[in-house]
Protein chains: 2
Amino acid sequence: MGNDFSYKDKKVITIGIVRELTGLSERQIRYYEERKLIFPERSPGGSRKYSFSDVELLMEIANKIEDGIQTHEIRKQMLKEQKKQSQDEIRRKMIQGQLNAQFGIRKN
Amino acid sequence: MGNDFSYKDKKVITIGIVRELTGLSERQIRYYEERKLIFPERSPGGSRKYSFSDVELLMEIANKIEDGIQTHEIRKQMLKEQKKQSQDEIRRKMIQGQLNAQFGIRKN
DNA sequence: CGTGTAAGGAATTCTGACACG
DNA sequence: CGTGTAAGGAATTCTGACACG
């Protein structure tokens, strides 16, 4: 149910590669984490690991920073976005649930 | 024309992550490269970088090794596979070319 | 043939801090 | 506030070689 995720959300990219992909400095990338805009995983040794989704998100963040939006403001925007998305998710599931109840379970 | 590739073929994964994803030792991963079964890119400093496709390929290789197939044999199989695929690609393009010639250019 | 390992070095990453503003 | 930088240390990766078989 739901394509969920495959490669795009696997946290496998080290910060040096992210630097190359985004053009951001490691300092910037770590700072955005400090401001709770991005959430890499960690290797056993402590190295940060990012996903392709994270890379995309970092580029969006960079754009907003360039537009003069502060990290605090960006964070609020992102939280609002997340809330909207989870509500959509709930609606989708409720509708799907009703369909299943009426017509039986089928994939998708 | 052709979905080509997106994330799956981007070489962004370091050998330590590949080790975790595949369960292979770094020694094994490097050895399969030495035997020309896998072709990582390199960072400026010399570190190997793999794609998700590489990870999948490594797991197939590992299976064959377990079945007692030698690297040299695996390499021959892979070359044969590649030849078949590129021939399919050529046929596909020729047919597409004829269609374009008769009915004009359109996407896909 | 395929893999483990110890060796030494180089590249990569980490944190906390100072600086500027 | 957002970012650069030098500092010191730790984790990561690299190569070439010896070993076993």
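A polar contact here is a pair of N or O atoms within 3.5 Å; within protein, one of the two must be able to donate a hydrogen and the other to accept it, and residues adjacent in sequence count only if both atoms are side-chain atoms. Select B:S43 to begin: one of its polar side-chain atoms lies 3.1 Å from a phosphate oxygen of DNA strand C.

The model is predicted, with local features requiring pLDDT of at least 70 and side-chain atom pairs pLDDT 80 or more, while totals for chains, interfaces and linings use all residues. Residues are numbered from 1 along each chain as its sequence is written, chains are lettered from A and ligands numbered from 1 in the order in which they are written, and side-chain values use heavy atoms, without hydrogens and water.

**DNA strand C**

Stay with chain B and add B:S25, where a side-chain N or O atom is 2.6 Å from a phosphate oxygen of DNA strand C. At B:T71 the partner is a backbone N or O atom, 2.6 Å from a phosphate oxygen of the strand. The elements giving two or more residues to this surface are α1 (15-22) and α2 (26-34) of chain A, and α2 (26-34) of chain B; helices (H or I, at least four residues) and strands (E, at least two) are DSSP runs numbered from the N terminus. The largest share, 4 residues, comes from α2(B).

Now select everything near DNA strand C, that is, residues with a heavy atom within 4 Å of it. There are 21 residues, and the closest are A:R48, B:S25, B:Y31, B:Y32 and B:T71. By class they are 4 nonpolar, 11 polar and 6 charged. Nonpolar covers Ala, Val, Leu, Ile, Met, Phe, Trp, Tyr, Cys and Pro; charged covers Asp, Glu, Lys and Arg; the others, Gly among them, are polar. Of the atoms of DNA strand C within 4 Å of the protein, 74% belong to sugar or phosphate and the rest to bases.

**DNA strand D**

Move to DNA strand D, which has 22 residues around it, with A:S25, A:Y31, A:Y32, A:T71 and B:R48 nearest. Polar side-chain atoms lie 3.0 Å from a phosphate oxygen of this strand at A:Q28, 2.9 Å at B:R30 and 3.0 Å at B:R42. Two or more residues each come from α2 of chain A and from α1 (15-22) and α2 of chain B, with α2(A) giving the most, 4 residues. The residues of this surface divide into 4 nonpolar, 11 polar and 7 charged. Sugar or phosphate accounts for 75% of the atoms of DNA strand D within 4 Å of the protein.

**The two chains**

Show chains A and B together. Superposed by least squares on C-alpha atoms of residues with pLDDT of at least 70 in both, chain A can be laid on chain B with an RMSD of 0.1 Å by a turn of 180° and a shift of 0.0 Å along the axis. The copies are therefore related as by a two-fold rotation axis. To find that axis, centre on A:I13, the residue of chain A closest to it, at 2.8 Å (C-alpha).

**Helix α2(A)**

Finally, isolate α2(A). Its buried residues (under 20% relative accessible area, 1.4 Å probe, protein chains only; exposed is over 50%, partly exposed in between) are A:I29, A:Y32 and A:E33. These cover an arc of only 105°, taken from the directions from the helix axis to the C-beta atoms, and so lie on the same side of α2(A). The face turned away carries the exposed residues A:R27 and A:E34. After α2(A) comes A:K36, with a positive phi near 60°.
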